[in-house]
Amino acid sequence: SNPAASDPNSYTLDWDEPLMATAMERAIDALSDPGVSTADALRRLLVVARRIGAVDLATWIKRELDGYSDQEEVPEYRDGSGLPIAIRFDGYGGASSTRRMSAQDLPSELNMVLDTFTMSMPLAELEALAGGGGDGDPQRQLPNVWLHRYRELAAENRVPHMPMFTANHAAVVVPRTYLRGLLDRIKTVALDLALDIEDVSPEAGDRGGPTVESEPALRTAVASHMTMIFAHDSTVAIASGSGAVALQVQVGDIAGLLAAARTILDERGLREFETALREDGDEPGPATRSFLDRVRSGTFTVASGLAVNGAYDGLVALLAQVFPGFS
């Protein structure tokens with residue numbers, strides 16, 4: 001209790017009372033709380049993004065909340081190309097059977113329907129689907145023209161099918177486990193970014209606090225994460241003492257990755273980076289992550305004017321371009 005509470009002109013601080021949380025603390029608490037929905041947690045981060053002037057970050061959050069249009073780039077974690085297709089077969093006497101098939105089970109003219117299949121709906125809709133009741137997983141029906149072509153190929157024994165049964169329904173299955181994993185991924189990506197912003201400045205997001213214009217390290221932190229979110233089709237900006245170097249490599253281009261890494265690492269570091277990738281089978285694994293840990297600890301000399309954290313973030317962003325999903 002506060003003994004001075006009866007006097008309106010005096011107040012004694014009760015140290016048991018929590019101090020006012022910063023905008024960053026509120027965002028981080030929401031993003032790390034399993035009881036807070038992903039959509040509500042991202043709204044907390046949206047406040048921070050708007051106040052620090054991070055336009056790209058605010059745009060990403062708005063698209064997550066509102067959904068992505070057909071004209072907008074969708075992050076790789078919303079890719080649905082690996083989802084199964086369920087086909088219902090009907091036979092005589094009301095007999096019916098549903099089978100699931102992967103893209104690898106079908107010829108390219110049929111599995112290409114998954115090439116552009118994305119989970120572009122708003123977060124609230126994703127959360128409703130993930131937590132929805134009823135039997136079975138949500139599905140998105142495929143067009144009749146797809147089903148008609150499947151029947152033609154089945155008649156020619158060119159696709160898996162059920163003899164004496166007719167395929168009458170086809171849909172992409174969206175398992176609820178996949179949806180829950182997707183929501184967790186979005187929340188984790190946002191939390192990781194929020195923590196990096198807090199590392200730069202705990203006051204980021206408060207009124208009158210630093211912005212991406214007044215604090216270059218904030219701009220670098222946000223840009224690095226935006227690159228990883230849209231890794232398959234974006235440019236990595238590596239900040240240095242003389243400005244920034246824009247780097248872009250394509251998916252699977254290891255030679256391009258090593259060439260780009262020359263702008264970050266010294267020769268010894270570049271050799272060890274190449275060796276680590278080779279030990280992992282030309283795909284980042286334990287050896288590559290061990291190498292990245294050593295970069296972050298300052299083991300290697302990095303490009304002039306480039307901070308150790310900047311070198312680490314740059315390499316992670318480049319790896320994410322070449323190997324989508326790496327983080």
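This report describes the fold, cores, pocket and selected residues of a predicted protein model.

## Overall architecture

The protein chain contains twelve helices and six strands. It has 327 residues, and buried residues make up 42% of them. Among the contacts in the chain with a separation of 6 or more, 66% are accounted for by residues 24 or more positions apart.

## Helix H1 and its buried face

Helix H1 spans residues 23–32, and its buried residues are Ala-23, Met-24, Ala-27, Ile-28, Ala-30 and Leu-31. Viewed down the axis of H1, these buried residues fall within an arc of 165°, so they line one face of the helix. A general feature of helices helps to explain such a pattern. An α-helix has 3.6 residues a turn, so residues three or four places apart point the same way.

The buried residues of H1 have two packing partners: helix H2 (38–52) and helix H7 (176–200).

## The nonpolar cores

The largest nonpolar core has 67 residues, of which Leu-42, Leu-57, Trp-60 and Tyr-150 touch the most other members. Helix H7 supplies the largest share of this core, with ten residues. Apart from this core lies another, of 28 residues, which includes Leu-277, Phe-300, Ala-311 and Ala-320.

Tyr-150 illustrates how residues from several parts of the sequence can be brought together. When its neighbours within four places in sequence are left aside, Tyr-150 is in contact with Ile-87, Phe-89, Met-101, Leu-106, Leu-110, Val-159, Pro-160, His-161 and Ala-167.

## The second largest pocket

The second largest pocket holds about 280 Å³ of space. It is lined by 15 residues, and those closest to its centre are Glu-72, Val-74, Asp-115, Thr-116 and Thr-118. By residue type, the lining consists of eight charged, five polar and two nonpolar residues.

## Two residues with positive phi

Asn-157 is not a glycine, yet its phi is positive, at about 55°. This residue is found in the loop between helix H6 (144–155) and strand E4 (166–173). The relative accessible area of Asn-157 is 61%, and because this is over 50% the residue counts as exposed.

Asp-282 also has a positive phi, of about 60°, although it is not a glycine. The loop that holds Asp-282 runs between helix H10 (267–279) and helix H11 (286–296). With a relative accessible area of 43%, Asp-282 is partly exposed.

## Residues around Phe-300

Asp-266 lies in the loop between helix H9 (254–261) and H10. Its relative accessibility is 22%, so Asp-266 counts as partly exposed. Leaving aside neighbours within four places in sequence, Asp-266 is in contact with Phe-300 and Thr-301. Asp-266 and Thr-301 are 35 residues apart in sequence, while their C-alpha atoms are 5.7 Å apart in space.

Glu-272 has its place in helix H10 and is likewise in contact with Phe-300. Its other contacts, not counting neighbours within four places in sequence, are Phe-291 and Arg-294. From C-alpha to C-alpha, Glu-272 and Phe-300 are 9.9 Å apart, with their positions 28 residues apart in sequence. Glu-272 has a relative accessibility of 25% and therefore counts as partly exposed. Phe-300 itself is one of the residues of the 28-residue core.

## Ala-103 and Thr-59

Ala-103 is found in the loop between strand E2 (96–101) and helix H4 (108–111). Although Ala-103 is a loop residue, it counts as buried, because its relative accessibility of 15% is under 20%. Apart from residues up to four places away in sequence, Ala-103 touches Asn-111 and Leu-114. Ala-103 and Ile-85 are 18 residues apart in sequence and, C-alpha to C-alpha, 7.7 Å apart in space.

Thr-59 belongs to helix H3, which covers residues 55–66. At 31% relative accessibility, Thr-59 is classed as partly exposed. Ten residues separate Thr-59 and Ala-49 along the chain, and their C-alpha atoms are 9.1 Å apart.

Technical notes:
Residues numbered from 1 in each chain as written. Predicted model: local features only at pLDDT ≥ 70, side-chain atom pairs only at ≥ 80, totals over all residues. Heavy atoms only, no water. 1 Å grid on protein atoms, 1.4 Å probe; cavity = no way out; pocket = protein on both sides within 12 Å on 5 of 7 lines; lining within 4 Å. Points joined across faces, edges and corners; volume = space filled by probe spheres on them. Nonpolar A, V, L, I, M, F, W, Y, C, P; charged D, E, K, R; others polar. Buried < 20%, exposed > 50% of the residue type's maximum accessible area, 1.4 Å probe, protein only. Helix = DSSP H or I, 4+ residues; strand = E, 2+ residues; numbered from the N terminus. Arc of directions from axis to C-beta. Contact = heavy atoms within 4.5 Å. Core = buried A, V, L, I, M, F, W, Y, C linked by side-chain atoms within 4.5 Å.
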